[in-house]
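Work through the exercises below with the structure open. Try each task before you read its solution.

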Amino acid sequence: MTGGSASDSIRHAITEHGPITFAEFMEVALYGPGGYYTSGSPISADGDYFTSPSAHPLFGALIAVQLHEMWQLLGSPEPFTVIEEGAGHGGLAADITEYVAVIDKQFATALRYVALDIAPPAQQHYPVSLITESPTGITGCLLSNELLDAMPVHRFEVSNGELHEIFISHDGEKLVEILQPPSTPIIEERLRPYLAYLPDGYRGEMNAGLDTWASRQAGTLDRGWALTIDYGFERPVLYRSDRTSGSLRTYYQHTLGQDPLKHTGDQDITAHVDFTAVEEAMDIAGFRICGFTTQAEFLVQLGIESALDQLRAAPSPRPAKRANELGARSLVDPEGMGGFRVAAYSRNVPESRLTGFGQHTQTAARQFSQPPLLSPRRHIALRGSQLSGSAHFEVQTLDELSSDRP
Ligand SMILES: C[S@@+](CC[C@H](N)C(=O)[O-])C[C@H]1O[C@@H](n2cnc3c(N)ncnc32)[C@H](O)[C@@H]1O
């Protein structure tokens with residue numbers, strides 16, 4: 001096992017306190033000293049996975065179109081603050097702030113963009129600050145992409161008709177799983193309607209930190225929206241009886257795996273988001289859901305088709321053109337990132353009809369004459385038919401790609 005200090009911290013915690021919950025394990029493995037996010041640089045051509053902002057700048061450009069409409073709906077306030085939580089390298093922040101100037105100079109002047117992360121990487125495309133305390137009382141939008149899937153989850157197993165929580169212990173040689181009664185009543189509360197249908201051996205995950213996250217969102221946002229994008233489902237689908245092994249996945253050196261106890265501190269651990277739980281938490285915190293759709297549909301509503309047409313027709317050299325088309329198409333691939341969900345929640349906003357959710361108000365789909373293009377350092381170039389971020393994939397940097405033969 002590598003990644004010494006995360007493993008050491010976990011062993012130490014188990015020796016001191018006994019078995020720990022999977023959420024406690026995941027917290028240290030990802031965000032403790034020597035943890036995956038604390039010490040690594042996972043989203044890059046030589047990292048473990050890619051995300052929509054690293055696949056193509058159109059993702060940020062189309063979110064900028066949606067933010068512009070939100071600004072107009074609020075009467076063009078100045079400042080209009082966007083707080084992006086879990087901003088990683090700041091690639092999305094860079095793409096959005098660049099494209100905002102193309103859309104509307106007045107909006108660009110009004111926009112105050114704050115990128116935050118619990119573990120800001122050393123290499124950044126836009127200044128990303130360590131999240132300590134978010135500003136309060138803002139007017140604007142709280143934005144996140146693939147934040148919630150990276151939060152620690154509890155794991156459960158149905159065994160002999162009873163609900164147990166999976167804890168992590170140590171057998172003297174290696175980390176092992178043991179079953180104990182649930183550490184929090186939330187697990188049973190959320191599962192109650194489904195428990196009778198779940199077969200023996202059924203495993204799943206649950207993020208018990210959503211209420212805390214949502215109430216923090218409410219403390220930050222006075223007026224506006226929270227927009228969150230991630231992979232996941234509504235609860236009846238997430239806990240369907242045939243999804244017997246849950247959604248927990250690991251990413252290690254471009255390879256998808258399912259053993260979270262291996263490579264501690266060196267591999268990513270992630271689980272699908274329960275969007276019903278997000279909605280419930282946001283509701284309690286004083287937000288109202290005002291949009292829920294797939295990423296593909298969201299981007300189509302905002303105008304990605306017109307950008308794809310322009311990319312296809314572009315006279316640029318072949319490898320770069322192909323890379324742009326592939327990157328842009330990956331954003332709407334129904335088997336990949338296009339199948340992610342986009343959810344919007346409003347707070348203290350009288351009318352929240354947003355173009356991304358097919359509720360046109362002021363902004364209809366954007367017509368792109370010059371879509372933004374991949375940039376060498378900020379984006380990665382997908383290759384071949386690998387559109388999905390959830391599988392083993394190959395990427396090149398644009399520099400490598402420009403040395404390809406057409
Ligand atoms: C899967 S990465 C996504 C990064 C980026 N949003 C993107 O789409 O490329 C998840 C990011 O969320 C950050 N993160 C996880 N929990 C967080 C929290 N509670 N507050 C702020 N950032 C968090 C991680 O450090 C990591 O940078």
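**Exercise 1.** Find the distance between a polar side-chain atom of N145 and an oxygen atom of the ligand. Then look for other polar contacts of the ligand.

*Solution.* Keep in mind that this is a predicted model.
- Step 1. Start at N145. One of its polar side-chain atoms lies 2.7 Å from a ligand oxygen.
- Step 2. Go to D117. An N or O atom in its side chain is 2.6 Å from an oxygen atom of the ligand.
- Step 3. Turn to G86. Here a polar backbone atom is the partner, 2.7 Å from a nitrogen atom of the ligand.
- Step 4. Check the cut-off. A polar contact needs N or O atoms within 3.5 Å. The pair at N145, at 2.7 Å, therefore counts.
- Step 5. Look at the cover. Taken alone, the ligand exposes 600 Å², and the protein buries 93% of that.

**Exercise 2.** Describe the shell of residues around the ligand.

*Solution.*
- Step 1. Count the shell. There are 16 residues around the ligand.
- Step 2. Pick out the nearest. They are Y31, T51, G86, D117 and N145.
- Step 3. Sort the shell by type. Nine residues are nonpolar, four are polar and three are charged.

**Exercise 3.** Classify the aromatic pairs F156–Y239 and F298–F357. Say which parts of the chain each pair joins.

*Solution.*
- Step 1. Know what to read off. A pair of aromatic rings is described by the distance of the centres and the angle of the planes.
- Step 2. Note the total. The model has 13 aromatic pairs.
- Step 3. Take F156 and Y239. Their centres are 5.8 Å apart, with 65° between the planes. Planes over 60 degrees apart count as edge-to-face, so this pair is edge-to-face.
- Step 4. Place the two rings. F156 lies in strand β6, and Y239 in the loop between α10 and β12, so the pair ties together parts 83 residues apart in sequence. Both F156 and Y239 are buried.
- Step 5. Take F298 and F357. The centres are 5.3 Å apart, the planes 55° apart, and the pair is tilted.
- Step 6. Place these rings too. F298 lies in helix α12 and F357 in the loop between β17 and β18, so the pair ties together parts 59 residues apart in sequence. Both F298 and F357 are buried.
- Step 7. Widen the view. F156 and Y239 form one aromatic cluster with Y194 and Y202.

**Exercise 4.** Over which rings do the charged ends of R155 and R347 sit?

*Solution.*
- Step 1. Follow R155. Its charged end sits over the ring of F22, 5.3 Å from the ring centre.
- Step 2. Follow R347. Its charged end sits over the ring of F287, 5.6 Å from the centre.

Terms used:
Residues are numbered from 1 along each chain as its sequence is written. This is a predicted model: local features need pLDDT of at least 70, side-chain atom pairs count only at pLDDT 80 or more; totals for chains, interfaces and linings use all residues. Side-chain values use heavy atoms; hydrogens and water are left out. A residue is near a molecule or strand if one of its heavy atoms lies within 4 Å of it. A polar contact is a pair of N or O atoms within 3.5 Å; within protein, one must be able to donate a hydrogen and the other to accept it, and residues adjacent in sequence count only if both atoms are side-chain atoms. Accessible areas come from the Shrake-Rupley method with a 1.4 Å probe; for residues, only the protein chains shown count as cover. Ala, Val, Leu, Ile, Met, Phe, Trp, Tyr, Cys and Pro count as nonpolar, Asp, Glu, Lys and Arg as charged, and the others, Gly among them, as polar. Rings of Phe, Tyr and Trp (its six-membered ring) pair if their centres lie within 6.5 Å; planes under 30 degrees apart count as stacked, over 60 as edge-to-face and the rest as tilted. Helices (H or I, at least four residues) and strands (E, at least two) are DSSP runs, numbered from the N terminus. Buried means under 20% relative accessible area, exposed over 50%, partly exposed in between (1.4 Å probe, protein chains only). A charge sits over a ring if NZ of Lys or CZ of Arg is within 6 Å of the ring centre and within 35 degrees of the ring normal.
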